[in-house]
Amino acid sequence: MFSLVAIHKSYGPVRAVGPVDLEIAKARTTVLLGPSGCGKSTLLRLMTGLTSPDSGEVRFEGVRVQPDRWPSLRRHLGYVIQEGGLFPHLTAWSNVTLMARHLGWSGPDVDRRVEELGQLTRLDRPTLLRYPAELSGGQRQRVSLMRALMLDPAVLLLDEPLGALDPMTRFDLQTDLAQIFRSLGKTVVLVTHDLSEAGFLGDLIVLMKEGRVVQTGTLEQFVHHPAEPFVRKFINAQRSPLEAVAPVA
Amino acid sequence: MIQCRPSIVLVAFAALWAPRLSVAASAADAPPTQQTLRIGSKLSTDSVILAEIATQLSRGNGVPAEHLRQLGGTEILFKALLSRQIDLYPEYTGTITQQLLHDPRIVTEPQIRAALAQRGIAMSQPLGFSNNYAIGMRRTEADRLGLSAISNLVNHPELRLGFSNEFMARHDGWPLLRDRYALPQTDVRGLDHDLAYRALAAGSIDATDLYSADAEIAYYDLRVLDDDLQIFPQYRAVYLCRADLPERWPALPGALARLPGKFDQAAMVAMSRRAKLQQVPEAIVAADFLKSTLGIRGQAQVSGFWAMIGQRTLEHLYLVSLSLTAAIILAVPLGILAARWTGAGRIIVAIVAVIYTIPSLALLAFMVPLLGIGVWPAMVALFLYSLLPIVRNTHTGLRAIAPPIRESAEVLGLPAWTRLWRVELPLASASILAGIQTSAVINVGTATLGALIGAGGYGEPIVTGIRLDSKALILAGAVPAALMALLVQGLFEFLERFLVPRGLRSKPGLA
């Protein structure tokens, strides 16, 4: 679907990413994983056209994306960010339907699609009539997901979508996301620094460090065949608190 | 203070515009179309009375005349005359030579006439009184010491002198006086002109500078000392008018020719005093003069208090609403441009900020050579002033939108115009509205200055009140202006409920 070829990107003297070659598999969930500042969000921004590479190519379905192609290409992308990026002056419903209405969808078409997505994300109609400030953090992310899915995009890009949520909400939403990804069968790229989230949601995990890809594979491969000591260190850094507790007999 | 002392700012800007005077004059050579005689007056009581007399005399002779009252300072009046905004106004010969012609070789009356004729201006015969710089003392004190002329002061080095700050500073003021008369006094201080009168009356100083037609001379019972060496320039009252006045209104020259010589010093002081100290409307003072001197029944037009307030309210609203609307139409797009392109943004904000820092009086003075006097120059000045708060708030409102929100709109696929219209402007609406509100409130206050160039509004009673030292008149303009500012403020708070989206006003909660 997306491929990044020999990508370099620096912000001033600081190298953010590079060199990176990456293939995003169709109809699979690819997780970009790594510590803060490893360049995983930059890769996602390169796939939205919000950032352009210093050198190298971003290809979509095999064709290099020229800057003037982004506006039309973006209709095939769904984008969710940490705090949702919802427009605070519009109700959840207006946020979700803004683009469809701009494209001239009919009222019944809009309603039908919102109905479907509401069921998928488990948001009822009264909730959709509220403003973002009147919603909980988890509800906001669900609305943001509805907005991203409204035009039935080819690719769903999520930048730490659960990063700002409390653990309980996060757990619920992880479960729902896994189910949604499975039922839709879309190409998904998800950025996170949370190993268990990556293992739970990802078909394929791309572990990054200082702007480069360290290892690509499944969580199992990471544990049993780490490509370098950093992989083991990263896995061990995310120990479970339960290990310290004596098992219940 | 009778003779107009133009503010330093006005003089400075008049100097800047000096090269434009000839341009304004030549551009105005087109044949006049208006058929009402327009008579101007300065922001001084004697000027208003003289202009009112000319106005009523013209009307009495069948010439429709309009009196544009208290249009500010000398520069504004003279420029208005040059550019045909007005046809006639009262002036002093000393002011013409010292401030308007800027040529030390022009001294005598024929020389003045010749210099003015080159500019298409004619000067009447002297009206009969003059308003020179003079030195005044308490009559009792002068009598006791036997003083009648300035040269007598030489023998009294103990006298305490208090001069207006301007007189202390002018080279033809105290320095000239001291040198030419060899005055020995050492206790000499500078103070405000109006305070000097009170200090003199209270006995804390013994002599001060004044104008020989000041109403206070009689009020405080002062003796004016003769300028026996004749060192002060002559400030003889005359009318200045367009040279083509006789062609346009053939009846006029004959009528106005009856005035020269009819004003003696005492009569003028008495008229100023009636207007200033007894607060008799100038129109009535002028009508009484015409009746007693020429046997003409003048046509005083004095409107009632509430009619006046109503009229001023309409004028003020007109100034504010039109200038503000125009400012919104230009400033919001400018703010959008500034937010979108950082480089252009800096330049745009800098330019409107510089305009905003020009003192309002100076900006008005700027407008006169370009647009003449009346409503339009005031409108343009108010429009320019209103730009900054709106441009700046539009700019900062748009820049304050969080990058994730902007980027979400971009990745959603909305085109730039739709993003601006559907996302960015609504998010900046509270800030933009606050900018417009600030502009509107400032505009209501600044519009009062429009009275200085004949735009009317609440400034009219304020300016008159300051000139006549009438607190009631000042309040008659200031209170409605303050009320209007409050109403405007309230109106915008009301509008905010409808224009700012509800989502931006509801409280964050339900975490």
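Begin by selecting B:R273, which is partly exposed, since 19 other C-beta atoms lie within 10 Å, and a residue counts as buried only from 20 such atoms upwards. Keep in mind throughout the tour that this is a predicted model.

**Around B:R273**

The residue B:R273 belongs to helix α13 of chain B, which covers residues 265–276. If you display its contacts and leave aside the neighbours within four places in sequence, you will find B:A215, B:A218 and B:Y219. Then add B:L468 to the selection: B:R273 and B:L468 are 195 residues apart along the chain, and their C-alpha atoms are separated by 9.8 Å.

Now widen the selection to the whole of α13(B). Its 12 residues should span 16 Å at 1.5 Å a residue, and the end C-alpha atoms are indeed 16 Å apart, so the expected and the modelled spans agree. The buried residues of this helix are B:M268, B:V269, B:M271, B:S272, B:R274, B:A275 and B:K276. To see what covers these buried residues, select the helices α2 (45–60), α10 (216–219), α14 (282–294) and α21 (459–468) of chain B, which are among the elements that do so.

From α13(B), move into the loop between α13 and α14 of chain B, where B:Q279 lies. Most residues other than glycine have a negative phi. B:Q279, although it is not a glycine, has a positive phi of about 55°. This residue counts as partly exposed, because it has 13 C-beta neighbours inside 10 Å.

**A covered strand in chain B**

Next select strand β10 of chain B, residues 237–242, which is mostly covered, with six of its six residues buried. Which strands pair with β10(B) in the antiparallel sense? One is β3(B), which pairs with β10(B) over five bridges, and within this pairing B:E91 has B:V238 as its bridge partner. Another is β4 of chain B (residues 121–123), joined to β10(B) by three bridges and also running antiparallel; here the bridge partner of B:A122 is B:C241.

**Confidence along chain B**

Colour chain B by pLDDT, which averages 84, with 91% of the residues scoring at least 70. Among the elements of this chain, strand β3 (residues 88–92) has the highest mean pLDDT, 94, whereas helix α1 (residues 8–27) has the lowest, 35. Two stretches deserve a separate selection. Over residues 1–33 of chain B the pLDDT stays under 50, and the model has 55 contacts beyond four places in sequence for this stretch. Over residues 507–511 of chain B the pLDDT likewise stays under 50, and six contacts of that kind are present in the model. Where pLDDT is low, the predicted coordinates should not be read in detail.

**Chain A as a whole**

Turn to chain A, which contains 10 helices and 10 strands. Its C-alpha atoms fill a box of roughly 60 × 55 × 30 Å along the principal axes. For 249 residues, a compact globule would have a radius of gyration near 18 Å, and the 19 Å of chain A agrees with this. Of these 249 residues, 40% count as buried. Among the contacts between residues at least 6 apart in sequence, 66% join residues at least 24 apart.

Within chain A, pick out the open sheet of four strands, which has the order β2-β1-β4-β5 with antiparallel pairing. The strands β2 (14–23) and β5 (63–64) of chain A stand at the edges with a single partner strand each, so one side of each is left without a neighbour in the sheet. Strand β1 (residues 2–11) of chain A is joined to β2(A) by six bridges, and the partner of A:S3 in β2(A) is A:E23.

A further stop in chain A is A:E160, in the loop between β7 (155–159) and α7 (167–184). A:E160 is not a glycine, yet it has a positive phi of about 45°. With 19 C-beta neighbours inside 10 Å, A:E160 counts as partly exposed.

**Where the chains meet**

Finally, show both chains together. The predictor gives the complex an ipTM of 0.90 and a pTM of 0.74. The contact takes 25 residues from chain A and 23 residues from chain B. On the side of chain A that touches chain B, the elements giving two or more residues are β6 (77–80) and α3 (92–102) of chain A, and α3(A) gives the most, with three residues. By class, this side of chain A has 14 nonpolar, seven polar and four charged residues.

How values were computed
Residues numbered from 1 in each chain as written. Chains lettered and ligands numbered in written order. Predicted model: local features only at pLDDT ≥ 70, side-chain atom pairs only at ≥ 80, totals over all residues. Rg over C-alpha atoms; globule rule 2.2 N^0.38 Å. Buried ≥ 20, exposed ≤ 12 C-beta atoms within 10 Å, placed from the backbone. Contact = placed C-beta atoms within 7 Å. Pairing = 2+ DSSP bridges. pLDDT = per-residue confidence, 0-100. Nonpolar A, V, L, I, M, F, W, Y, C, P; charged D, E, K, R; others polar. Expected span 1.5 Å × (residues − 1).
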